[in-house]
Amino acid sequence: MKRAIYLLMAASAALAAGCARTAEPAGMVRLATTTSVRDTGLLDALTEEFHGDGKYAVQAIAVGSGQAMQLGRTGEADLLWVHSPDAEEKFVSEGYGTDRVTFLYNDFVLLGPAADPAGVKGVKTAAGALKRIAAAGATFVSRADNSGTHAKELKLWAASGPRPSWPGYLEAGQGQAGTLSIADEKKAYVLSDRSTWLSMKGNLSLSVVHEGDPALLNRYSLILVNPEKFPRVNAAGARAFYSFVLSERSRAITEKFGADKYGEPLFHWDLPAK
Amino acid sequence: MIRLRGLKVSYDTGFSLAVDSLDVRRGEIFAVIGPNGAGKTTLLGAMALLDEPAAGSLSLLGRDAFGGGDRLELRRAMSVVFSQPYLTAGTVAENVALPLRLRGRRDPAAVEAALALFRVGQIGRASCRERVLVTV
Amino acid sequence: MEFIIEGFRKALGLILSGNPEIFSIARLSLTVSLLATAVAVLIGVPLGSWIAVKKFPLKKLLIALVNTGMGLPPVVAGLVVMLFLARSGPLGILNWLYTPKGMILAQVIIALPIITALTISAMQGVDRRFYRQVLALGATEWQAILVCLRELRLTMLAAVIAGFGRLVAEVGAVMIVGGNIRHQTRMLTTATVMETQMGNFDMAIAIGLVLLALGFAVNLALTLIQQNRVVAR
């Protein structure tokens, strides 16, 4: 019996040692970012390259932009990679973030069932398309998670008055991938960033019903969490990753990302942004 | 050798035992007789230092047993035979060796000596797991 | 129906080809849950034995509390641990949030009441007279407890394995405390959720199968032990 106990303790110690080695590289940088950046795989590609430098490891927490900024507001994250411009500006002006740089863009697309019951195809503006969906009482799935996509959706509704509510308006409360799966299942309309759409297209039966409206432009920014406000923040690590993401190495990876798989790159580099 | 004074033991079932004084001299064979529920087992339990009495003083081998001293050492100096004895899982040898092991004696010589006392070799094997305890 | 069969077929392919992603996730799940079980046993078995054997006021209340702890929803444990480990939380200095250490802590908290309660129950099942006899044979209280635990070793083993099985299947706490970070805190359970949400059913089914296999192995071990118990006694 005693032998069994010693064996168990020895095994635990060995596992703990092994576990410790993999869990603590040189320094941890906590990045709060959006699910669209993670689900496309771009984040993995970039962090793998960054880890190769051997100095820091990135702990990437993929939540909505709103939640990411909330993490920034409590100093839980070291830097943010988000796409919710109005909220970002507020974040910086309130002193929580510094060095905000908008560097990447793609666009949002409105997806829906191929049959298009609300007759959205051909409508001139995205806001108009949404209005048509509401008027028809068709099913629409919203992110409803304070993400950048959610903010964009709300802004589009606001263009034509208060957001109507009808039984078909569903609030998923989760990331882009999960929301798209729900919309696919319910044959509903849904707003998505193009990159997640392209990466999940093969698994979905939805199609693009509206695109190209300048209002659907989607811009990504990096923001450093203000280390003066939160001394616990890994400022050096954050700046290292920040510089890396804005570097030529990263640009090379990003500009090509997805091109061979989807026929077009998922993200467009745009530094300095206008 | 054993001096018991003013023993009081009570269980939360409400049962209580009170013994004013009890003396057992060296070499004496002392029998406690009483009806069921009188408290014989309770008395022995207190004297064998297996239970905590509510009050009283016990002097064993000249040492104050209840008064905080080394109860373990005193307990190890006593042998108690229970009316319903239990065996531990394990071989005959392991059962015989248990009290030795508890006192930190693991040397095979001691175990052999103990087994010899029982003449286990003649009746069965020390490594046997099939065993039944028979009290005579 | 076809997409299920298709997904299943692809999943088997992923497993049989030794897909490294799946197996590194499995390795992490095993490590975290095994370690957490070990810590829970190291704390819970002595604690449970002590509670079972000692007499003290409010003993019944304490046992009831421990039993209630068994029903603690893992996700609630995860939430509490996350709040404590957050940078602005009391234990923020540890930097354990979003790391395997944090997940192990959460899982220890989940497993501890289970192991403790099962130990208490097992020890209370030991005849009090047996315990006293071992004391009379010259044992200290802890020696007597160890002898009793030896008597109960099959029951205890079953309890430990059951505890481990629960931990490896748990998803809420490790999701909240771990964050499902690739190569760092992605466990079999959280990976299944993510792959399902992304519509990668082949990966999801593959991971699910590995998880099932683990659960089956756990229960097989349990059953064999219990059969053994019937035979050996």
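In this predicted model, strand 1 of chain B, which covers residues 2-10, pairs with strand 2 of chain B in the antiparallel sense, and the pairing runs over 8 bridges. Two of the residue pairs can be named: Ile2(B) has Val24(B) of strand 2 as its bridge partner, and Leu7(B) has Val19(B), also in strand 2 of chain B, as its bridge partner. The two strands form a hairpin with 5 residues between them, and in this hairpin Gly14(B) takes a positive phi near 105°.

The hairpin belongs to a wider arrangement in chain B, where 4 strands form an open sheet in the order 2-1-3-4 with antiparallel pairing. Strand 2 (16-24) and strand 4 (63-64) of chain B each have a single partner strand, so they stand at the edges and one side of each is left without a neighbour in the sheet. Helix 1 of chain B, residues 40-47, packs on this sheet and touches strand 1, strand 2 and strand 3 (55-60) of chain B, while its direction makes about 120° with that of strand 1 of chain B.

Strand 1 of chain B also contains Ser10(B), a residue that can be followed in its surroundings. Apart from residues up to four places away in sequence, Ser10(B) touches Phe15(B), Ser16(B) and Ala54(B). The last of these contacts joins distant parts of the sequence, since Ser10(B) and Ala54(B) are 44 residues apart along the chain although their C-alpha atoms are separated by 6.7 Å. Is Ser10(B) buried or exposed, or does it count as something in between? It has 14 C-beta neighbours inside 10 Å, and therefore counts as partly exposed, given that a buried residue needs 20 or more such neighbours and an exposed one has 12 or fewer.

A serine in chain A gives another case under the same criterion. Ser195(A) lies in helix 9 of chain A, which spans residues 194-200, and because 26 C-beta neighbours fall inside 10 Å, Ser195(A) counts as buried. Leaving aside neighbours within four places in sequence, Ser195(A) is in contact with Ser36(A), Thr40(A), Asn106(A), Leu266(A) and Phe267(A). Of these residues, Ser36(A) is 159 residues away in sequence from Ser195(A), yet the C-alpha to C-alpha distance between the two is 7.2 Å.

Chain C can be approached through helix 7, residues 141-151, whose buried residues are Ala144(C), Ile145(C), Val147(C), Cys148(C), Leu149(C) and Glu151(C). What covers these buried residues includes helix 2, helix 5, helix 6 (128-136) and helix 8 (153-168) of chain C.

Several of these helices return where chain C meets the other chains. The contact between chain C and chain B takes 14 residues from chain C and 16 residues from chain B. On the chain C side, helix 6 and helix 7 are the elements that give two or more residues, and helix 6 gives the most, with 6 residues. By class, this side of chain C has 6 nonpolar, 4 polar and 4 charged residues.

Towards chain A, 22 residues of chain C are in contact with 22 residues of chain A. Here helix 2 (20-53) and helix 5 (100-124) of chain C each supply at least two residues of the side that touches chain A, with helix 2 giving the most, at 4 residues. The residues on this side of chain C divide into 8 nonpolar, 9 polar and 5 charged.

Technical notes: Residues are numbered from 1 along each chain as its sequence is written. Chains are lettered from A and ligands numbered from 1 in the order in which they are written. This is a predicted model: local features need pLDDT of at least 70, side-chain atom pairs count only at pLDDT 80 or more; totals for chains, interfaces and linings use all residues. Two strands pair if DSSP finds at least two bridges between them. Two residues are in contact if their C-beta atoms, placed from the backbone, lie within 7 Å. Axes are lines fitted to C-alpha atoms, for helices over the stretch in contact, and angles run from 0 to 180 degrees between N-to-C directions. Ala, Val, Leu, Ile, Met, Phe, Trp, Tyr, Cys and Pro count as nonpolar, Asp, Glu, Lys and Arg as charged, and the others, Gly among them, as polar.
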